[in-house]
Amino acid sequence: MASGVKHKTKPAQAHNTGVFKTDSIKDVAESLGIAVLSDTVASSLASDVEYRLHQIIEEASRFMRHGRRTTLTTSDIDQALRVLNIEPLYGHSPFNPPTFRRAVPYPNAPAAGAVYYVEDEEIDFDHVLREEKIALPKGVSWTAHWLAVEGVQPAVPENPPVIPRDQGDQTDTKAGVTKTNGVGSAGPSKLQQQQQQLVKQVLSRELQLYYTRLTTTLLPPSNDIPKRAAALASLRQDAGLQALLPYLIRWVSEGVVSALRSGAREGPQAENDGRILEVLVEVLSALLDNNTLFVEPYLHQVLPPILSTLLHSSLPRSHSTLVRTSSAQTLSRMLRQHSTTYPSLAPRIMKTLLLALISPGKSHATRDGAVRGLICVGKEAVRKGLIESGGARIISSEADGSPESNSAMSAVSDALLVLKPPSLTDDINMDTDIDVLATQLETTLGSTFAAQVVSSRDALWATAILGTGSGPNES
């Protein structure tokens with residue numbers, strides 16, 4: 001019976017029959033920190049790895065056949081991994097496939113299988129040193145630049161180039177300037193046409209239409225007072241005029257130059273020029289009143305027309321006082337709004353006004369405008385111009401009874417009232433003190449203005465004008 005019993009034979013190890021060896025599995029396990037791995041587990045893993053490899057190669061071969069190719073590439077492997085929902089292998093490009101070479105069989109082991117290796121490329125150092133060096137490109141970065149500043153495109157490399165105007169427009173411009181010098185009425189139309197052509201290149205169609213209607217409504221021969229008031233109200237309140245601001249300021253400047261250039265002081269032309277100057281000054285005042293406009297970059301363009309209308313010697317007589325008063329008020333508004341941002345604005349304006357007031361050879365009208373401007377600058381400007389610099393004495397000495405001289409005298413009287421302190425109850429004997437200060441007042445102000453102050457019998461006013469302290473009895 002014993003001889004008839006069949007003993008079960010131990011099956012052969014499967015890990016020796018597969019393509020993927022169990023030794024490779026054990027090596028990977030040791031690299032992962034698994035020191036002991038049984039042969040059964042290693043054999044099972046090797047079989048599973050071999051199955052997965054066959055599956056990937058089979059899927060990759062399908063992509064190769066659909067691509068009408070006979071060589072399997074790394075892109076086929078990547079596509080097969082994506083189909084099997086496996087993350088692809090990175091760093092292998094199908095455009096530079098590696099070249100494999102078969103190694104020569106080792107003499108001592110002729111039974112060993114074929115060994116393939118990637119051939120290393122030989123580099124010729126002489127060729128590398130002689131060839132042109134390719135500079136590395138600049139990395140991706142972000143830079144900021146201005147597309148437009150107050151409606152004007154800056155000339156930076158990032159912006160498209162501005163198309164220059166042709167030679168014909170330049171010829172028309174020169175002709176318009178020549179006509180302006182010759183005939184006062186023909187020049188502004190040419191300049192206005194040229195400016196409107198420039199506006200069309202930058203502004204939208206709506207703003208172009210607004211600019212055209214605004215300029216035709218404000219200036220004569222248009223005499224529609226309600227429309228003019230509505231246009232000025234629009235300039236004071238509308239919030240969408242920032243792009244139009246430089247063109248409006250230029251239009252005002254050219255209009256002031258054209259009106260002052262004619263030099264007419266009487267007649268219909270003078271009346272027309274006077275109305276034009278009044279409207280242009282009101283336009284500047286309206287632009288300064290608009291809180292939505294950023295006027296600071298254009299202050300250097302706003303000052304010339306204001307100072308020109310304030311200090312010009314040949315304003316139309318029927319409009320001179322109103323134009324100078326409006327210009328002075330506009331100047332005062334500008335200083336009140338922007339003197340804190342630009343501390344040098346008030347000293348520069350005061351220097352210009354002082355030169356117009358005390359320089360020899362100036363007309364009565366110019367001195368009149370200078371005094372009105374000093375009143376708007378402030379009390380210290382009045383003191384420096386009329387008292388310390390002797391402006392009141394100069395105007396008093398040059399008085400000749402003409403309308404311009406009388407207007408200047410009236411302006412000085414108004415300026416001296418700015419220095420008048422508030423009335424206070426004091427034990428000072430007004431009559432005695434004012435008589436003591438009369439000589440000093442005549443030396444400082446001239447006889448006319450000194451008599452005006454003395455006749456008021458206000459010793460505190462006289463003391464404030466002379467700047468001698470609380471009263472004359474302190475000596």
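Me: Helices (H or I, at least four residues) and strands (E, at least two) are DSSP runs, numbered from the N terminus, so how many of each does the protein chain have?
Reply: The protein chain has 20 helices and 2 strands. This is a predicted model, where local features need pLDDT of at least 70 and side-chain atom pairs count only at 80 or more, while totals for chains, interfaces and linings use all residues. Residues are numbered from 1 along each chain as its sequence is written, and side-chain values use heavy atoms, leaving out hydrogens and water.

Me: Which residues line the largest cavity?
Reply: The lining consists of Leu-245, Ile-249, Leu-284, Leu-287, Leu-288, Val-295 and Val-302, where a cavity is a set of points on a 1 Å grid over the protein atoms alone where a 1.4 Å probe fits but cannot get out, and lining residues have an atom within 4 Å of a point.

Me: And which helix gives the largest share of that lining?
Reply: That is α10, with 3 residues, although α9 (245-262) and α10 (268-289) each supply at least two.

Me: How much space lies in there?
Reply: The largest cavity holds about 30 Å³, a volume being the space filled by probe spheres set on the points.

Me: Changing topic, which residues of α3 are buried?
Reply: In α3, which spans residues 74-83, the buried ones are Asp-76, Asp-78, Ala-80 and Leu-81, with buried meaning under 20% relative accessible area (1.4 Å probe, protein chains only).

Me: What do they pack against?
Reply: The buried residues of α3 pack against α2, residues 39-66, and just after α3, Asn-85 takes a positive phi of about 60 degrees.

Me: What percentage of the whole protein chain is buried?
Reply: Buried residues make up 36% of its 475 residues.

How values were computed. Buried < 20%, exposed > 50% of the residue type's maximum accessible area, 1.4 Å probe, protein only. Contact = heavy atoms within 4.5 Å. 1 Å grid on protein atoms, 1.4 Å probe; cavity = no way out; pocket = protein on both sides within 12 Å on 5 of 7 lines; lining within 4 Å.
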